[in-house]
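Me: I have a structure to study and would like to go through it step by step. Could you help me with some questions?

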Amino acid sequence: MTAHVKMDAPDRRNRLDAMAQGVIGEPLDRSEGALKVSGKAVYAHEWPVEGLCHAVLVRAAISRGTVTRIDKAPVEAMDGVLAVIDDDRLLRNPAQGTANKAPVQGPRKIFYIGQPLAVVVAESFEQARHAAQQLVVETEAADAVLDPEAETLEHERPKGKQTSQGDLDQAMGAAAFSIDEVYRTPGHSSAPMEPHAAIASWDGDRLTVRASCQMLKYNRNELADALGIKPENVRILAPYVGGGFGSKLGIAHDAVAASIAARAVGRPVALALSRRQVFETTMRRSESRQRVRLAADAEGRLTGIGHAALVSQLPGEKFSEPVTQATHFLYAAKNREIVHEIVRLNLTCAGSVRAPGEAIGMTVLETAMDELAIKAGIDPVELRKRNIPETDPEGDKPFSSHMLASALDRGAKLFDWQRRNPVPRSTRDGEWLIGLGMSSAARVNMLAEAEAIVTLSAGGVRIESDMTDIGTGTYTVLAQVAAEMLGQPMQSVTTVLGDTDLPPGPGSGGSWGASSTGSAVFAACEDIRKCLAEKLGCVEEELTLKDGHAVTANRRVPLAELLADGPISVRGVIEPGKTSKEVRQSTFGAFFAEVAVNEVTAEVRVRRMLGVFAAGRILNAKTARSQCLGGMTFGIGMALTEELIHDPRTGAIVNRDFAEYHLPVNADVPQLEVDFLEERDPWASPIQAKGIGELGISGAAASINNAIFNACGVRVRDYPATLDKILAGL
Ligand code: MOS
């Protein structure tokens, strides 16, 4: 049986609220948590596979050029070496997650430092690594393009991303208050805890790859495309993934190379990237240059918004960081000029990293809004509230729901925002200057096509999908949806994920995983409930399911009895429909931060930080909160330390490990507070839930940067706000 739901109309029934089990929304622990902390959850590189050998990539050491010769023979003769492979399929950049085709970048051409050129296979990892280091690759270098702001570069403007409405120049000229500033954000690395790794094995023409991937449905097609084989012959297994942050949306080089190597040597091959290789070879977030123009009348009402973003990418790649994504709808203003430009560089492929677009676009827009608030002498919270649009300012669509004002009010109250003195340098604690700052949060909401099979049997419930859990809580949240709908205690629900032999899920990306897969599970459960009601001779709405029992009118029947003639199994399918076009859907929130800036050293300490978020129905208050804590922690990094640095002479990434690439650690992160607003968004999904994974970073860094200005009067427009930049202004 199949339950197919197309999201063509809002679902206002709030069915999950009418159920009796009482587990939906509860802050339940992760069902797989004990496996993970005890080391029993098996990650990609840990599978015990018989006859395994090991492969190590050999990569380009120049940013641009051609491979002229690879001297394979001496390495092939080394101890333990099974093969040295320089297949052209290794060189292509894998796809970005939802595309099936990888761009073809030409045989033997080098486009960036770290591009795979060959793979060495040996009995042991140590032999493979040693041999890979000995392989001589001769190349002919060409002039690389490394500076995104070089004046000679062509600026591409992709269609569909530009807005030109009214007359911004005129609005700027007539404004009572205005801002026209250029901001910069650096490149970032996804930096998942688990490096990319794959074990590939062939059985005839059938390939099985155990890998660390976010979106198996797409990854299977991408891997097939990269290898030139049929998708039906590819199986990917990824039951546990140690974080992806975008870098595992698309199939990565490790899986492609391991598959090619395993075919060549006729044995299973494991290939794990080193930390340095993850930095150089997988992908990066593009740096950005963003010019923001804001024009406001005497009351602080925006009359004009200009946001022009410049990002970079490798030649031939389709993706580019959608920096201005939220600027299109966040604030009202009649005159709008939104520009998105791309330059082509010889740097590692640019991809999606943690809220591509909003993470850096909202951060810059919200820094500019703070500057405008100060110029206009209007409280920053109030300024934002005055500019919330009634409908989508670029087309009059209604919003599915709009919780920005509520989030701002709630945050201001919880954070005691009224304590803030708007005059910089007015609050002090010894040699520390104290400041408060805030910013709005927004992230577009998306529903993705998803399938899951739910089976109710006398023994309990089983959920199956190729959906992944990348550390987000998918296992637990899906089980909560089914437990609630089918009246089961949590321990009676088994969730099986991460296997392309199972129904295709939406994957973990774009914050759509829980709401989309949860909707597929919900659709299946509704049909199972109908079957049960039929057996009992009642209507589904009158059926109460709780603790493995069905209750209707004055009867209470164990489900095991109703299922005596066999289990009920339904395939739930959710498909996005008209609601994704008829209304503008976004999640909203607000960040508030208190920082201390040392007047002598310019060191910044985040003392307190609050995030208030509205993301529709919260399916699990603990896993959702953890997502937001993670996002806010990224925000601290973006504001203060996180920065991918390329050597301007060679394009080499200088800080390619966790010692030099500064992500926030425990000592950098104070007690963070997360508050959710009660919301049901009927347009977003049949479970009224929206995406939450990326909202917590979308604008977060601005609250910290704005607090730095409030503390010490120094405005940093070049992220991150490192000591040198602040010290220069003190
Ligand atoms: Mo996300 S950056 O869509 O994994």
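Reply: Gladly! Keep in mind that this model is predicted. A good place to begin is a pair of residues, Arg 354 and Glu 642, which are both buried.

Me: What kind of link do the side chains of Arg 354 and Glu 642 form, and at what distance from N to O?

Reply: Side chains of opposite charge can pair when their charged atoms come close. The cut-off for a salt bridge is 4 Å between the side-chain nitrogen and the carboxyl oxygen. The side chains of Arg 354 and Glu 642 form a salt bridge, with an N to O distance of 3.0 Å.

Me: How many residues apart are the two partners of that pair?

Reply: Arg 354 sits in the loop between strand 18 (335-344) and helix 8 (358-376). Glu 642 sits in the loop between helix 15 (621-640) and strand 30 (672-676). The pair therefore links distant parts of the chain, and the separation is 288 residues.

Me: Arg 717 and Glu 371 also meet in a salt bridge. Which of the parts they lie in is a helix, and how far apart in sequence are they?

Reply: Their side chains come to 2.8 Å, N to O. Arg 717 lies in the loop between helix 16 (700-712) and helix 17 (723-727), while Glu 371 lies in helix 8. The pair ties together parts that are 346 residues apart in sequence, and the helix is helix 8.

Me: Is Glu 371 buried or exposed?

Reply: Buried means under 20% relative accessible area. Arg 717 has 27% relative accessibility, so it counts as partly exposed. Glu 371 has 9%, so this residue counts as buried.

Me: Where is the cis peptide bond that involves Pro 720?

Reply: Pro 720 belongs to the loop between helix 16 and helix 17. Omega is about -5 degrees at this bond. The two residues it joins are Tyr 719 and Pro 720.

Me: Why is helix 6 described as largely enclosed by the rest of the structure?

Reply: Helix 6 covers residues 253-265 and reaches 18 Å from its first C-alpha to its last. Its buried residues include His 253, Asp 254 and Ile 260. Helix 6 is largely enclosed because the buried residues number 10 of the 13.

Me: Which residue follows helix 6, and what is its phi?

Reply: Helix 6 has 13 residues. Phi is positive in the residue that follows the helix, near 70 degrees, and that residue is Gly 266.

Me: Which strands stand at the edges of the open sheet with the order 24-25-26?

Reply: This open sheet has 3 strands with antiparallel pairing. An edge strand here has a single partner strand, so one side of it is left without a neighbour in the sheet. The edge strands are strand 24 (544-546) and strand 26 (555-558).

Me: How many bridges pair strand 24 with strand 25?

Reply: Strand 25 spans residues 549-552 and pairs with strand 24 in the antiparallel sense. One bridge involves Lys 546, whose partner in strand 25 is His 549. The number of bridges is 3.

Me: Is Ala 553 buried or exposed?

Reply: Ala 553 lies in the loop between strand 25 and strand 26. Its phi is positive, near 50 degrees, although the residue is not glycine. With a relative accessible area of 77%, Ala 553 is exposed.

Note on methods:
Residues are numbered from 1 along each chain as its sequence is written. This is a predicted model: local features need pLDDT of at least 70, side-chain atom pairs count only at pLDDT 80 or more; totals for chains, interfaces and linings use all residues. Side-chain values use heavy atoms; hydrogens and water are left out. Helices (H or I, at least four residues) and strands (E, at least two) are DSSP runs, numbered from the N terminus. The expected span of a helix is 1.5 Å times one less than its number of residues. Buried means under 20% relative accessible area, exposed over 50%, partly exposed in between (1.4 Å probe, protein chains only). Two strands pair if DSSP finds at least two bridges between them.
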